[in-house]
Amino acid sequence: MKLKGATQLETPLFDTLLTHVDTNPIAFHIPGHKGGKGMDPQFRDFIGENALKIDLINIAPLDDLHHPKASIAEAERLAAEAFRADETFFSVQGTSSAIMAMIMGVVGPNEKIIVPRNVHKSVMSALILTGAHPVFIHPEYDETYGIAHGITASAVERALEMHPDTKAVLVINPTYFGIAGDLERIVAVAHAQDVPVLVDEAHGVHLPFHDELPLSAMQAGADVAATSVHKLGGSMTGSSILNVRRGLVSPERIHAMLSMITTTSTSYLLLASLDAARRQLATKGEAMNERALTLARTARMAIDNMPHLSVYGHAELHSESTYALDETKILVSVRELGITGFEVEKYLRETHRIEVEMSDLLNVLFIVTSADDEATIQALIDGMRDVVSVYDQSGNDSLSIMLPEIPPLALSPRDAFYEETETIPLENAVGRISAEFIMVYPPGIPIIIPGELITTSTLDYIMANIEAGLPVQGLEDESLQMIKVIQQTKAIR
């Protein structure tokens, strides 16, 4: 990425913190540990003096995240430049808060928003808070790997034709598994109707900094993107950004919503790590991505050549929803190995000290970054080779995961959340309105959400998954026998 000048080499917020610490101030403000002196000694010694010195609060010299005018404002301006946005806002409560803020800043009570069925729970939280009505689109489903991809431009176009009063379209891009759809086309379809596109870009902070990665949300012309910097960008856990393009949305309103749900005790450790991560990505991002891609391709080739294993690759890209691939995400199918991904995860942990990003019935997911090296990649290859040598290859072809029908929405998620509920046997729930989520992971797509009517086909699908031993999740009752439903009002006699 070409820089406009030396500004991307600077870290205005981090530098301000360092300057403040160098004055050796006598603190009569929170946090009460005051540079670690009032903290448990064992924890203080482990964390380290430097980190605790900049664990500060929004005193005047350090600017205020809620009303930035100095170093935070400058750090956000540099981030907007680096990520090709008009405005960028820092989040110290992860991408979940960023996703909630971008939805709350664009849609309101009883307004419609098009969303994929496999959305993150933060999207459902935003729907409850706003009172907006979701128009669900099924993502494309991969039967071989048992995972959900993204939604297609064609599906978005049909949804907009059926719901011309839609206020926004939400897209997950790339997916958790590093697979991107044709986001540019989705943006074009939505913008043709003056509808903004909001992107859950939790796994795409590194995308703008290498030509062999999928397009980022801002590159594709999206209006807002909630982007995790901590996941793949080098900042501390819980630090994220909101990238905004002016025009169809109001950055000021989105920032106001983010401020509403953000603590006033903002973490300057997280903010400083965002500032430093932006500098590293802007100045070294291409080299970092090149290193990660090289290492990932080594692992991909080695694992894909092992018996009974297959790695999701460019050959699997075949549709609008599988348009591009982030190769640093290594999705390995163990279906033919005769064991589940859960078992592979456990074996790698107990035998090789390897922790994976995710496992499910059919797959294991590994993430490679520039923090890896030849030794860690070789350890991964050796670990997977050991898995293949130890386990019996009997195959998991009997495992079949299908997409359920989307039930009718009887109440908005918000109305369902605030209604009185009662708990009844799941087997007696046909015709009732659910007050809970039910999903099967994989593929992690909700079978039912609060406010949806439980139909006979919905219940049959749930019971079939339970009987098959698939991981049905979401109910408070872990035995999966009882479900919370909206209480029916009894007539007064």
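**Contacts, bridges and sheet order in a predicted model**

A polar contact of 2.7 Å links the side chains of H206 and D326. Keep in mind that this model is predicted.

Q: Is H206 buried or exposed?
A: H206 sits in the loop between β8 (197–201) and β9 (224–228). Its relative accessibility is 4%, and the cut-off for buried is under 20%. So H206 counts as buried.

Q: Which residues does H206 contact, leaving aside its neighbours within four places in sequence?
A: One partner is already on the table: D326, through that 2.7 Å polar contact between side chains. With the neighbours within four places in sequence set aside, the list for H206 reads L213, L232, N289, D326 and T328.

Q: In what order do the 7 strands of the open sheet run, and which stand at the edges?
A: The order is β1-β10-β9-β8-β6-β2-β3, with mixed pairing. Two strands have a single partner each, so one side of each is left without a neighbour in the sheet. Those edge strands are β1 and β3 (133–137).

Q: By how many degrees are neighbouring strands of this sheet turned against each other on average?
A: The strands in question are the 7 of the open, mixed sheet. Ignoring direction, the average turn between neighbours is 20 degrees.

Q: Which residue in β6 stands opposite I114?
A: Strands of a sheet can pair in a parallel or antiparallel way, through backbone hydrogen bonds. Here β2 (residues 112–116) and β6 (residues 166–172) take the parallel option, over 3 bridges. Opposite I114 you'll find V169.

Q: At about what angle to β9 does helix α5 run?
A: Helix α5 covers residues 94–104 and lies across β1, β2, β6, β8, β9 and β10. Relative to β9, it runs at about 170 degrees.

Q: Why do the buried residues of α1 line one face of the helix?
A: The buried residues in α1 (residues 12–22) are P12, L13, L17 and H20. Looking down the axis of α1, they line one face because they fall within an arc of 140 degrees. On the other side, T19 and D22 are exposed. The arc to remember is 140 degrees.

Q: What do the buried residues of α1 pack against?
A: The residues doing the packing are P12, L13, L17 and H20. Their partners are α4 and α11 (268–304).

Q: How many residues apart are E74 and R77, which meet in a salt bridge?
A: Their side chains come together at 2.7 Å, N to O. Both belong to helix α4 (residues 71–83), separated by about one helical turn. In general, a helix has 3.6 residues a turn, so residues three or four places apart point the same way. For E74 and R77, the spacing is 3 residues.

Q: Which residue is linked with E74 and R77 in a network of salt bridges?
A: E74 is partly exposed at 30% relative accessible area, and R77 is partly exposed at 37%. The network that includes E74 and R77 also takes in E81.

Q: How many residues apart in sequence are the parts that E87 and R246 tie together?
A: The side chains of E87 and R246 form a salt bridge of 3.4 Å, N to O. E87 lies in strand β1 (residues 87–91), while R246 is in the loop between β10 (240–244) and α10 (251–260), so the parts tied together are separated in sequence by 159 residues.

Terms used
Residues numbered from 1 in each chain as written. Predicted model: local features only at pLDDT ≥ 70, side-chain atom pairs only at ≥ 80, totals over all residues. Heavy atoms only, no water. Salt bridge = Lys/Arg side-chain N within 4 Å of Asp/Glu carboxyl O. Helix = DSSP H or I, 4+ residues; strand = E, 2+ residues; numbered from the N terminus. Buried < 20%, exposed > 50% of the residue type's maximum accessible area, 1.4 Å probe, protein only. Polar contact = N/O pair within 3.5 Å; in protein donor to acceptor, adjacent residues only side chain to side chain. Contact = heavy atoms within 4.5 Å. Pairing = 2+ DSSP bridges. Axes fitted to C-alpha atoms, helices over the stretch in contact; angles between N-to-C directions. Arc of directions from axis to C-beta.
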